[in-house]
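Hi there,

Here is the structure I promised to pass on. Have a look at it first, and then read my notes underneath.

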Amino acid sequence: EKPGLELAVVSVPSYACQRHTPLLHHNTTLTDALSILAENAELSENEGRGVAFRRAAALLKSLPQEVRGAEQLRGLPCLGEHSLRVIKEVLEDGVSHEVETTTHSEQFKAMKALTGIFGVGAKTADRWFREGIHTPSDLQRSGHTLNRAQRAGLQYYDELNLPVTKSEAVAIGQIVERAVHAVLPGAEIILIGGFRRGKQTGHDVDFLITHPDEGREEGLMPKVVSWLEAQGFLLYQKTTRNSYLESKEGPARPASNMDRFERCFSIFRLSTDNEGREIQTGREIQTGDDPQTYSPTLTNTDPHTHSDTHPHSKTDSHPLPQTLVFPKPQTSDFPRLPQTPDHAQKVSWVLGHSQCSGPRSWRAVRVDLVVSPYSQFAFALLGWTGSKLFERELRRWAVHEKAMTLSSHALYDRKRTQYLRASSEEEIFAHLGLEYIPPCDRNA
Ligand code: TTP
Ligand code: MN
Ligand code: MN
Ligand code: MN
């Protein structure tokens with residue numbers, strides 16, 4: 001055996017939360033294959049199998065070099081029999097038979113297309129699939145009664161399946177910032193989810209909102225939503241109020257993985273002009289308002305949004321501005337997109353709902369807003385930054401290795417029977433006995 005090829009000599013810890021997992025890594029061919037199988041398992045509601053494939057993929061993402069032969073994987077954790085078989089096949093033949101069969105299967109294609117509709121989960125999609133509904137157009141024609149979310153999901157299907165760019169995320173951030181500060185000055189807004197991990201595109205944009213004076217954040221979401229609605233920024237929204245206080249389960253013992261923060265799942269109407277620039281205006285500038293405040297300039301061009309933006313962060317070297325400021329607008333200051341995406345033209349209106357109008361000057365974007373009390377902020381930030389597998393691994397580590405329970409609200413030490421406070425993510429990692437992993441390395 002050639003020296004230096006045995007990756008197992010570099011000891012790789014078995015929990016993803018013990019490893020650095022960057023966005024760009026050396027084994028994309030292998031992880032793409034495993035991700036297809038994970039996705040298929042999840043769509044078939046076989047969660048255990050899905051997690052096994054996700055863990056195997058995450059292990060490969062964390063390796064310092066490209067795997068060229070299966071013998072290099074000897075002794076590495078997280079690689080089950082099935083995953084190893086798939087990896088070997090891809091290494092030897094370039095493709096895996098099982099992956100090929102899956103990607104070409106009618107069921108997988110239909111389940112992906114149907115769950116690609118906002119508001120449609122695997123259960124519903126599977127029921128429709130068995131009725132012969134394979135595409136959003138089939139669903140449209142079927143005359144099925146849909147809920148409000150699904151109707152919006154169908155209406156904006158194509159747009160919501162276009163990746164959201166980083167500049168669109170920043171533009172949305174400015175709107176959210178304006179809305180939040182209009183109803184609660186001093187509130188803090190932080191970009192979370194995939195964009196905080198450094199992703200250049202996402203399926204949505206996620207924001208966490210808090211206020212340094214505990215309690216001031218209560219009831220904030222309905223006010224923010226009203227403001228956004230009045231300005232014409234919302235195409236759809238569903239707000240869920242905080243159910244944390246009245247729940248009987250205890251802060252770190254949620255009944256499910258869903259947390260109980262006040263939150264809003266929404267679809268924004270993001271204006272874009274024909275030159276591919278984004279403007280942050282809603283339907284109309286309302287009379288009585290200062291028009292200048294409707295066109296804030298983009299102040300963040302730093303690609304490093306994965307940096308911690310919280311004041312408690314100690315390792316913050318290149319943060320997104322804590323507060324996005326809105327200097328006096330100058331049209332020339334509008335951000336130019338990297339590749340002028342004219343979404344209105346890219347979108348093919350398969351559903352035929354807007355044949356009448358020409359290219360539009362706006363697009364629909366999925367946005368998630370979460371409000372957390374300041375005392376839970378670090379937990380919410382950690383819990384909503386992802387990736388989903390990284391979060392799952394953190395909770396598994398806490399329970400199995402530390403006898404602790406971690407949620408997006410709190411950390412509970414079951415041996416000392418007490419809650420452990422934290423005002424930064426670094427403190428939470430320290431409580432858990434883990435090396436601090438920055439957001440950009442949580443792409444497990
Ligand atoms: P997502 O927005 O679903 O995922 P993402 O931002 O990592 O990736 P994408 O680019 O595709 O949008 O979720 C973001 C984080 O929020 C994820 O780590 C899990 C967390 N989360 C919860 O804690 N509770 C919830 O109910 C949901 C929907 C997400
Ligand atoms: Mn997201
Ligand atoms: Mn989200
Ligand atoms: Mn960086």
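**The metal site and its surroundings**

Asp-206 is buried, with a relative accessible area of 7%. Please keep in mind that this is a predicted model. Asp-204 is buried as well, with a relative accessible area of 7%. These two residues are the protein donors of the manganese ion (ligand 2): Asp-204 (OD) and Asp-206 (OD) lie 2.0 to 2.1 Å from the ion. Asp-204 also bridges two metals, the manganese ion (ligand 2) and the manganese ion (ligand 3), and these ions are 3.6 Å apart.

**The strand that holds Asp-206**

How many residues of strand S4 (residues 205-210) are buried? Six of its six residues are, so to speak, out of sight: S4 is mostly covered. In a regular strand, side chains alternate between the two faces of the sheet. In S4, both faces are covered, with Val-205, Phe-207 and Ile-209 buried on one side and Asp-206, Leu-208 and Thr-210 buried on the other.

**The sheet around it**

S4 belongs to an open sheet of five strands with mixed pairing, in the order S2-S4-S7-S6-S5. The edges are strand S2 (188-192) and strand S5 (234-240); each has a single partner strand, so one side of each is left without a neighbour in the sheet. From one strand to the next, the twist averages 25 degrees. Helix H8 (residues 148-155) packs on this sheet, where it touches S5 and S6, and its direction makes about 150 degrees with that of S5.

Here is how the strands pair:

- S2 and S4 are antiparallel, over five bridges; Ile-190 has Leu-208 in S4 as its bridge partner.
- S4 and S7 are parallel, over five bridges; Ile-209 has Val-371 in S7 as its bridge partner.
- Strand S6 (residues 262-271) and strand S7 (residues 362-371) run antiparallel and are joined by 10 bridges; Arg-269 stands opposite Ala-364 in S7.

**A pair of crossing helices**

Lastly, take a look at helix H2 (residues 47-61) and helix H15 (residues 388-402), whose axes come within 11 Å and cross at roughly 100 degrees. The two helices, H2 and H15, are therefore roughly perpendicular to each other. On the H2 side, the residues that meet H15 are Glu-47, Val-51, Arg-54, Arg-55 and Ala-58, and their counterparts in H15 are Leu-389, Arg-392, Glu-393 and Arg-396. The residues of this contact divide into three nonpolar, no polar and six charged.

Happy browsing, and best wishes

Key: Residues numbered from 1 in each chain as written. Chains lettered and ligands numbered in written order. Predicted model: local features only at pLDDT ≥ 70, side-chain atom pairs only at ≥ 80, totals over all residues. Heavy atoms only, no water. Axes fitted to C-alpha atoms, helices over the stretch in contact; angles between N-to-C directions. Helix = DSSP H or I, 4+ residues; strand = E, 2+ residues; numbered from the N terminus. Parallel < 35°, antiparallel > 145°, perpendicular 65-115°, else oblique. Contact = heavy atoms within 4.5 Å. Nonpolar A, V, L, I, M, F, W, Y, C, P; charged D, E, K, R; others polar. Pairing = 2+ DSSP bridges. Donors = N, O, S within 2.8 Å, 3.2 Å for Na, K, Ca; no water. Buried < 20%, exposed > 50% of the residue type's maximum accessible area, 1.4 Å probe, protein only.
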